[in-house]
Amino acid sequence: MKILGISAHYHDSAAALVCDGMPVCAVQEERLSRRKNDAAFPIGAIEWCLDHAGLSPDDLDAVVFYERSMLKFERILTCVLRGFPRSWRSFPQAMKNSLGEKLWVRGVIESHLGIPKNRVLFTAHHQAHAATAFLTAPTRRAAIITADGVGEWATLTVGHGERTDRKTAITLMREIRFPHSLGMLYSTFTAYLGFAVNEGEYKVMGLAAYGQPTQVDLVRRLIRRTPDGAFALDMAYFEYHTSAKRSYSSRFVDLFGPPRNPYEPIDLNTTEGRRYADCAASVQAVLEETLVDIARALHRETGLPDLCLGGGVALNGVANARILSESGFERVFVPSAPGDAGCALGAALYADRVYFGQQERNVPDHPFWGPSVDSNELLRAATEDGQDLEQLDDAALIERTADELFAGAVVGWMEGACEFGPRALGHRSILAAPHSSQTRDRINRDIKYREEFRPFAPVVPIEAADRYFELPPGGARLARFMSAVFRVRPEWRTRLASITHVDGSARVQVLEREMAPRLSALLEAYGRRSGVPVLLNTSFNVAGEPIVCSALEGYSTFRRCGIDMLVAAPVVVTKRGHSRVKSLKEQALA
Ligand SMILES: [Fe+2]
């Protein structure tokens with residue numbers, strides 16, 4: 001049975017293909033269209049998936065869309081009517097969004113792919129989130145929490161999943177409905193703090209580490225906990241349910257003060273700068289405590305040791321780490337793509353297992369479902385461009401790259417299929433030595449062109465992870481796809497300066513050899529030189545662009561920014577006259 005899953009029209013479109021119960025491929029539209037967070041109908045991603053599998057649309061048994069567009073339209077219409085007359089201004093915008101392609105998904109799929117309407121299926125949005133989280137996790141029974149901004153009506157669900165050889169069931173027992181939403185609460189603060197909603201949430205989390213949660217009591221005024229363990233927002237502080245322009249109300253501004261001007265940089269040495277950081281720390285703390293409470297109650301209720309987390313809120317690694325440590329669950333699984341893009345895969349798996357009742361299969365436990373890198377493409381481009389290049393066997397390539405990293409070079413590292421989800425997990429990564437804060441500043445300045453307060457992530461082999469990071473039981477698993485923030489052991493913080501955040505934490509990727517053997521070998525080789533098998537691992541892109549996908553995009557990025565060396569095995573390209581941060585050895589001698 002061949003099933004295509006699609007997510008589109010809100011944020012980060014994607015397509016995924018499941019054949020005979022197994023994922024074959026999955027890719028976000030942005031990686032192909034090169035428009036960051038591309039929300040358009042993912043025709044490029046669909047074409048690539050079909051091409052990759054050698055299928056034509058006729059071969060598909062079903063196409064599954066990740067939400068019920070009619071229900072979503074009903075929610076928008078209801079909110080507009082409820083908010084009338086205040087909402088009349090947002091009405092044309094809402095109509096434009098919903099009455100366009102969004103509502104007529106069945107027709108759009110039919111006309112783009114020539115698929116008969118009766119082969120087009122729909123999952124509920126949070127069913128798709130739950131399926132992505134549960135059906136890709138190596139567990140047979142688990143509690144499930146999904147949380148995001150909003151799907152159709154649901155914004156948070158709790159439930160459980162069970163899969164046996166004969167049957168798969170995902171039961172979402174309860175849901176919290178729009179406008180009450182943890183995702184929207186966080187996004188409102190994201191907008192208030194001057195960052196782009198749906199994109200800047202991780203900046204809020206990064207900024208939170210610089211602040212103190214001094215405004216927790218104020219944030220708690222916005223969110224009332226209900227006796228049944230749920231929550232309700234006080235909508236007097238919000239406008240997102242009635243306005244397309246602003247998500248917070250003037251009462252919100254009365255409470256927290258004037259919003260930040262997005263065009264002015266945050267200066268943490270000023271009172272205003274610290275106020276923003278405190279504000280971020282406060283909403284982060286309230287998000288964490290609410291999620292931990294919900295998870296703890298679900299653990300009590302289900303008695304299950306495993307928890308699967310889905311939805312965009314599951315990208316909050318600080319909250320995930322607290323859920324693991326405090327809720328009672330022994331293991332917490334977050335997929336590589338918990339947000340809406342991941343729903344393409346979840347929707348296809350849900351249709352396969354639940355709708356069609358196909359036999360259960362274990363999904364491979366890795367995030368690499370996208371297009372593969374073609375080293376010949378790099379070879380051609382670099383040769384034509386007259387760059388210094390080498391072709392090395394694997395052992396020589398690892399040693400050479402480790403030498404360069406140890407000498408302070410910043411390396412663009414491409415291999416195999418690209419990651420599905422927002423994190424670079426070793427196939428489209430920028431790698432560098434982790435010991436120097438100069439490296440961090442240099443990557444921020446010359447490559448990422450981004451705010452100083454945002455930390456970089458490290459990658460470490462699983463065998464060495466405990467030595468450098470304070471991982472709670474189950475922590476290595478949660479860090480498999482960089483889904484959690486843990487503390488760097490104090491004695492290592494100086495030697496891991498470029499990946500240690502201001503509060504002593506890091507969003508670490510714990511690597512098992514079989515997931516990315518070449519990167520694993522590189523970590524070992526680097527460890528032999530520096531004594532510390534840890535590398536800075538950040539996504540291979542410059543600010544405002546999606547993560548690179550093809551070798552040519554990698555090469556073009558390499559040429560435009562301060563990356564010193566580009567690797568797509570067996571090809572290694574070195575930039576002439578590249579500057580290096582002082583190596584450990586040089587620093588020791590200085
Ligand atoms: Fe969602």
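Q: Four donors count as tetrahedral if all angles lie between 85 and 135 degrees, and as square planar if opposite donors are over 155 degrees apart and all others between 65 and 115; anything else is irregular. In this predicted model, why is the site of the iron ion called irregular?

A: The angles among the four donor atoms run from 90 to 170 degrees. Because a tetrahedral site needs all angles between 85 and 135 degrees, the value of 170 degrees rules that label out. The site does not count as square planar either, and is therefore irregular.

Q: What makes an atom a donor of the iron ion, and which residues are the protein donors?

A: A donor is an N, O or S atom within 2.8 Å of the metal. His125 (NE2), His129 (NE2), Asp148 (OD) and Asp340 (OD) lie 2.1 to 2.2 Å from the iron ion, so these atoms meet the cut-off. Along the chain, the donors follow the spacing H-x3-H-x18-D-x191-D.

Q: Why can His129 and Asp148 be said to tie together separate parts of the chain?

A: His129 belongs to helix α6 (residues 125–135), whereas Asp148 sits in the loop between β6 (141–147) and β7 (154–163); the pair therefore joins parts 19 residues apart in sequence. Both His129 and Asp148 are buried.

Q: What makes β14 and β22 the edge strands of their sheet?

A: The open sheet has eight strands in the order β14-β25-β24-β15-β17-β23-β18-β22, with mixed pairing. Strands β14 (388–391) and β22 (509–511) each pair on one side only, and they are the edge strands. The twist averages 25 degrees from one strand to the next.

Q: How do you know that β18 and β23 count as paired?

A: Two strands pair if at least two bridges are found between them. Strands β18 (residues 458–461) and β23 (residues 535–539) share two bridges, so they meet the requirement, in the antiparallel sense. Pro458 has Leu536 in β23 as its bridge partner.

Q: Why is the aromatic pair of Phe65 and Phe122 called edge-to-face?

A: Ring centres must lie within 6.5 Å, and planes over 60 degrees apart count as edge-to-face. For Phe65 and Phe122, the centres are 6.2 Å apart and the planes stand at 70 degrees, so both conditions are met. Phe65 lies in strand β4 (residues 62–65) and Phe122 in strand β5 (residues 120–122), 57 residues apart.

Q: How do you know that Tyr192 and Phe252 are also edge-to-face?

A: Their centres are 5.1 Å apart, with 65 degrees between the planes; the angle is over 60 degrees, so the label applies. Tyr192 lies in helix α7 (residues 182–192) and Phe252 in helix α10 (residues 250–256), so the pair ties together parts 60 residues apart in sequence.

Note on methods
Residues numbered from 1 in each chain as written. Predicted model: local features only at pLDDT ≥ 70, side-chain atom pairs only at ≥ 80, totals over all residues. Heavy atoms only, no water. Donors = N, O, S within 2.8 Å, 3.2 Å for Na, K, Ca; no water. Tetrahedral: all angles 85-135°; square planar, octahedral: opposite > 155°, others 65-115°. Helix = DSSP H or I, 4+ residues; strand = E, 2+ residues; numbered from the N terminus. Buried < 20%, exposed > 50% of the residue type's maximum accessible area, 1.4 Å probe, protein only. Axes fitted to C-alpha atoms, helices over the stretch in contact; angles between N-to-C directions. Phe/Tyr/Trp six-rings, centres within 6.5 Å; stacked < 30°, edge-to-face > 60°.
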